[in-house]
Amino acid sequence: MKQKGSSDNTFIPLTMNNTVGDLYKTPVGHDTLLKVLLQIGISEKAVTNPAVSSMKLSTVAKLAEKTAHIDPHFFETLLFLINMEHDTPTTEHGPVKPAWWKEAVFYQIYPRSFCDKNGDGMGDLEGIISKLDYLKDLGVDALWLSPIYDSPNDDNGYDIRDYRKIQEQFGTMEDFDRLLEGVHARGMKLIMDLVVNHTSDEHEWFQKALSDPDSPCRDYYFLVPEGQRTDGSPCDPELPPNNWTSFFSGSAWNHYKEQGLWGLHLFSKKQMDLNWDNPALRKEVIDMIRWWLEKGVDGFRMDVINYISKTPGLPEGNEAVGSLMNFTGVEHYYYGPHLHEYLHQIYTEAFEPYGAFSVGETPGAGMEMSKLLTSEKRGEMNMVFSFDQLETPGHIRYHDYKYDLNYYRDYITDWMLNYGSDCWMSLFYNNHDNPRMVSKVSTNPAHRQAIEKLLAMMQFTLRGTPFVFQGDEMGLTNYDFTSIDQVQDVEAVNYYDELLFSHTEAEALGIIRAGTRDHARVMLPWDDQPQAVAGSTSAKPLTHQEIDPEITAFYRRLIRFRKRHHALIYGDFQPLCLKKDHFTYRRTLGDETYIIECNLSDKPVKSYLDKQALRLIICTHRGKHSGKTLLPYEARLFRLQ
Ligand code: TEU
């Protein structure tokens, strides 16, 4: 539906004469303002209180310049972003249309550290095949494999050299076919990782692009002649075409002196961004997707898929936005002008013909943008991963702080109530890019088990599809990295080097320890072998962690119960108690009603629930609980009689 402006629904762009309230009513305005507030740790009330929402943007810009020295271009950039989106999401509240992927429990496998069958210190496909019965018994319905394609592993496979070849250390295509067969034979689905915002610089397309100026592949990437800025103005050939920065530290440009070119890479120096504005490139990618779907793959997780459309001309990034969001230039690619068009093309030319499932990784996309990306009416993606629940306001992953679960309650309640019935949430706390949530909540071992059960209770009783990350069901926590050589992740290694310009080694290691993605990338402890990050060459093993069978049993029990009771899947959600440290909610479908009561703190809290007509079904503290009080991090699932 067109962004409201005039009676005939034509799109009327916002200007600096519009108010904060007008801006907040727009999908990109809503999400971007919330993202900025989350980044600086200020609550939404800052923009919803009438005094602020009625203020003209021009007034706010003047105030911001005077008080916070924010250059007025910041607001022009915001308006440029907001006016790019002409559609407004509709929020449906009718019955939910059933789908297998709404009832399924997904399990993310990070193949490098899942299970090493041939003893080379790296996980492999044979290892995954050997655990299919374990996963089936756990109650898993679908596997998401992080990349297993041929890759020089600069970013652990997210730098693909050949999309149609299995990475040698994982096995062969025949091994993959056996895996796919084994998954389907157990009634499960297999989702692959689609990494098409960029390829490895060793991919034949990029090799041709560099070596042959007349190759059509040269326009498959962003290769800019040296000596000119992206705005066409002349510059020192030693300087990059614009000020965009990489997610893995430093400039987002490589200089290819021999060819007199600069090449764009938002991630590592060996991950070159693809130019999706080139229809020939889009065709190549869609053919590749169809090739895997033809093999019988059931769908894809789409890597940083919201970054594939860049602002034409790759304009300079706004420094104020860059310093606020930590990445300069992000406003020119995190929700680009042709994103919906390209996603719809993938959907109509690949996913829809095969009935394939898709979940997009969309860092930076808030609820309103996610509705436009996943609403069933629009034919783009089935679901997205939004990441704003992973850190509390004012914090980033590398901050060492205690995660307050009251923030998670408020975040998830907002999405439960406002995401609408034609959009469906992904429910997750962990993945291969983040330290484990349990350790963010508390590092006190006395609470580990209770917190893991509490997180599981919410994950399997809220409305959405649970994504379990390998090891969650084992009760794993973060690792005590004591030396940088135990860390293998390109992002952390680059950041460590960057930190050394302003920190001691110990301080730098402390920051890396707080946020490195390697917490999630340690070989799973199937046996008592010394543990290390997959691929790490360090001689110092990490502290061995044991699998906690009680957590595994609790996962199995919750997953089974959820499958048998669709009220916990499709049922309406209604919050009952949102007091500090409390989270009580009801799920209802037809005559079936469940109530879930949670203590979000490390202290006992009073239970406000009248349990007259309630029967206790599952409790995190079996046999230890008392009616009137909830123990630290205790959660209970009741059925209304
Ligand atoms: O991650 C994209 C992403 O934005 C992050 O979460 C990322 O991990 C990083 O921390 C940015 O600060 C995806 C993949 O999940 C990640 O493993 C890859 O490294 C990245 O894209 C590039 O392919």
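This is a short chat about helix packing, one loop residue and the cysteines in a predicted model.

Reader: Hi! Let's start with helix 15 and helix 16. At what angle do their axes cross?

Author: Happy to help! The axes of helix 15 (residues 367–374) and helix 16 (residues 405–418) cross at roughly 45° and come within 12 Å. Helix 15 and helix 16 are therefore oblique to each other.

Reader: And is that crossing left-handed or right-handed?

Author: The crossing of helix 15 and helix 16 is right-handed. On the helix 15 side, Met 367, Ser 370 and Lys 371 make the contact, and on the helix 16 side Asp 414, Trp 415 and Asn 418 do.

Reader: Nice. How does that contact of helix 15 with helix 16 break down by class?

Author: It has two nonpolar, two polar and two charged residues.

Reader: What about helix 2 and helix 15, how far apart are their axes?

Author: The axes of helix 2 (residues 27–40) and helix 15 are 7 Å apart, and the two helices pack at an angle of about 135°. That makes helix 2 oblique to helix 15.

Reader: Which residues in helix 2 and helix 15 meet?

Author: From helix 2, Pro 27, Val 28, His 30 and Asp 31 meet Met 367, Glu 368, Met 369, Ser 370 and Leu 372 of helix 15. By class, this contact has five nonpolar, two polar and two charged residues. Met 367 and Ser 370 of helix 15 also take part in the contact with helix 16.

Reader: Great, switching topic. Where does Gln 228 lie?

Author: Gln 228 is in the loop between strand 7 (223–225) and strand 8 (253–256). With a relative accessibility of 33%, Gln 228 counts as partly exposed.

Reader: Leaving out residues up to four places away in sequence, what does Gln 228 touch?

Author: With those set aside, Gln 228 touches Ser 233, Pro 234, Cys 235 and Pro 241. As for Asp 155, Gln 228 is 73 residues from that residue in sequence and 30 Å away in space, C-alpha to C-alpha.

Reader: Last topic, then: how many disulfides does the structure hold?

Author: Zero disulfides. Cys 577, for instance, is in no disulfide, and its nearest cysteine sulfur, that of Cys 598, is 11 Å away. Cys 619 is in no disulfide either; its nearest cysteine sulfur is that of Cys 598, 10 Å away.

Reader: Is Cys 577 buried or exposed? And Cys 619, buried or exposed?

Author: Cys 577 has 11% relative accessibility, so Cys 577 counts as buried. Cys 619 is buried as well, with a relative accessible area of 6%.

Reader: Thanks, that helps!

How values were computed: Residues are numbered from 1 along each chain as its sequence is written. This is a predicted model: local features need pLDDT of at least 70, side-chain atom pairs count only at pLDDT 80 or more; totals for chains, interfaces and linings use all residues. Side-chain values use heavy atoms; hydrogens and water are left out. Axes are lines fitted to C-alpha atoms, for helices over the stretch in contact, and angles run from 0 to 180 degrees between N-to-C directions. Helices (H or I, at least four residues) and strands (E, at least two) are DSSP runs, numbered from the N terminus. Angles under 35 degrees count as roughly parallel, over 145 as roughly antiparallel, 65 to 115 as roughly perpendicular and the rest as oblique. A crossing is left-handed if the near helix is turned anticlockwise from the far one by less than a right angle, and right-handed if clockwise. Contact means heavy atoms within 4.5 Å. Ala, Val, Leu, Ile, Met, Phe, Trp, Tyr, Cys and Pro count as nonpolar, Asp, Glu, Lys and Arg as charged, and the others, Gly among them, as polar. Buried means under 20% relative accessible area, exposed over 50%, partly exposed in between (1.4 Å probe, protein chains only). A disulfide is a pair of cysteine sulfur atoms within 2.5 Å.
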